[in-house]
Amino acid sequence: MFSIILSNAQINKDTTQIGASKELTIIDNDLVKRAEIDPLRPSKAAFYSAVLPGLGQAYNKKYWKIPIVWGAIGTGIYFYIANDNQFDRYRSAYKRRLAGFEDDEFFGQISDDGLIRAQQQFRRNKEISVLVTLGLYALNIIDANVDAHLLQFNVDDNLSLSPHYQYNQMENSSDLGVTLNFKF
């Protein structure tokens, strides 16, 4: 079957243009090919993202997400390293004080108890940074998997959800509703 879409214009016989800028569209419903569903595509995307963060997004051709993934995971790694360096500074100063030295960078400014509290704070911040980074890594994998599933989502005319408006003459009122159509 052929369907022709025209809109208030005349067809020029030499070309497929209608009027100045409109085009003639001819669709053969028997030749419309449906994309095959690849059940392994979501698992491949998740695997690629697990191997290298952002690779699953590249597999799904969502290249704009790659800098976001790298930035998020890189930020988590940055905060882990920064907190680890601060933890090491306070830990080294506390060890030197226990050994009897009085030449650490915090001598006269921070007490021994203050050094212990600082170590606890930076250790806690370091552990939170690891958890957040692992959460972002897992979110990267989940995003690649879900995006691969959504790329295969069926949006053809055999399944449609459309709103409708109907005037009810018996009650002299209007009805609003939603129609769900399945075509087999």
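# Close-up views of a predicted model

**View A. Phenylalanine 122 is buried, with a relative accessible area of 14%.** This value falls under the 20% cut-off, so Phe122 belongs among the buried residues of this predicted model. To find this residue, look in helix α4, which covers residues 112–151. Which residues does phenylalanine 122 touch, leaving aside its neighbours within four places in sequence? The contacts are Asn83, Gln86, Phe87 and Tyr90. One of these partners, phenylalanine 87, makes a nice pair with phenylalanine 122: the two are 35 residues apart in sequence, yet their C-alpha atoms are 5.3 Å apart in space.

**View B. Threonine 133 is another residue of helix α4.** Is threonine 133 buried or exposed? Its relative accessibility is 13%, and the cut-off for buried is under 20%, so threonine 133 counts as buried. Setting aside residues up to four places away in sequence, you can see threonine 133 touching Ile73, Gly76 and Ile77. Those three numbers fall within 66–98, the residues of helix α3, so this view leads nicely to the next one.

**View C. Helices α3 and α4 pack with their axes 8 Å apart.** Here you can follow two helices side by side, and the angle of packing is about 160 degrees. An angle over 145 degrees counts as roughly antiparallel, and that is why α3 is described as roughly antiparallel to α4. As for handedness, α3 passes α4 in a left-handed crossing. What classes of residue make up the contact of α3 with α4? There are 17 nonpolar residues, eight polar ones and six charged ones.

**View D. Helix α1 meets helix α4 too, and the axes of the two come within 8 Å.** Helix α1 runs over residues 41–51, and its axis crosses that of α4 at roughly 155 degrees. Because this angle is over 145 degrees, α1 and α4 are roughly antiparallel to each other. Is the crossing of α1 and α4 left-handed or right-handed? The crossing is right-handed. On the α1 side, the residues to pick out are Arg41, Pro42, Ala45, Ala46, Ser49, Ala50 and Val51. Their partners in α4 are Tyr137, Asn140, Ile141, Ala144, Asn145, Ala148, His149 and Leu151. Sorted by class, the residues of this contact divide into 10 nonpolar, four polar and one charged.

**View E. Lysine 61 has a positive phi, near 60 degrees, in a residue other than glycine.** Where does lysine 61 lie? You will find this lysine in the loop between α2, residues 55–59, and α3, residues 66–98. The relative accessible area of lysine 61 is 60%. Exposed means over 50%, so lysine 61 is an exposed residue.

**View F. Asparagine 172 also has a positive phi, about 55 degrees, although it is not a glycine.** This residue has its place in the loop between strands β5, residues 159–168, and β6, residues 173–182. With a relative accessible area of 57%, asparagine 172 is exposed.

**View G. Glutamine 166 sits in strand β5.** How exposed is glutamine 166? Its relative accessibility of 45% makes this residue partly exposed. Leaving aside neighbours within four places in sequence, glutamine 166 is in contact with Ser173, Ser174 and Asp175. Leucine 176 is worth finding as well: glutamine 166 and leucine 176 are 10 residues apart in sequence and 6.5 Å apart in space, C-alpha to C-alpha.

**View H. Stepping back, the chain has four helices and six strands.** Trace the sequence with a finger and these elements follow the pattern β-β-β-β-α-α-α-α-β-β. How many residues does the chain have, and what share of them is buried? There are 184 residues, and 21% of them are buried. Among contacts between residues at least 6 apart in sequence, 45% join residues at least 24 apart. As for confidence in the prediction, the pLDDT averages 81 over the chain, and 74% of the residues score at least 70. Take care with residues 1–22, where pLDDT stays under 50. For this stretch, the model has 34 contacts beyond four places in sequence.

Key:
Residues numbered from 1 in each chain as written. Predicted model: local features only at pLDDT ≥ 70, side-chain atom pairs only at ≥ 80, totals over all residues. Heavy atoms only, no water. Axes fitted to C-alpha atoms, helices over the stretch in contact; angles between N-to-C directions. Parallel < 35°, antiparallel > 145°, perpendicular 65-115°, else oblique. Left-handed = near helix turned anticlockwise from the far one by under 90°. Contact = heavy atoms within 4.5 Å. Nonpolar A, V, L, I, M, F, W, Y, C, P; charged D, E, K, R; others polar. Buried < 20%, exposed > 50% of the residue type's maximum accessible area, 1.4 Å probe, protein only. pLDDT = per-residue confidence, 0-100.
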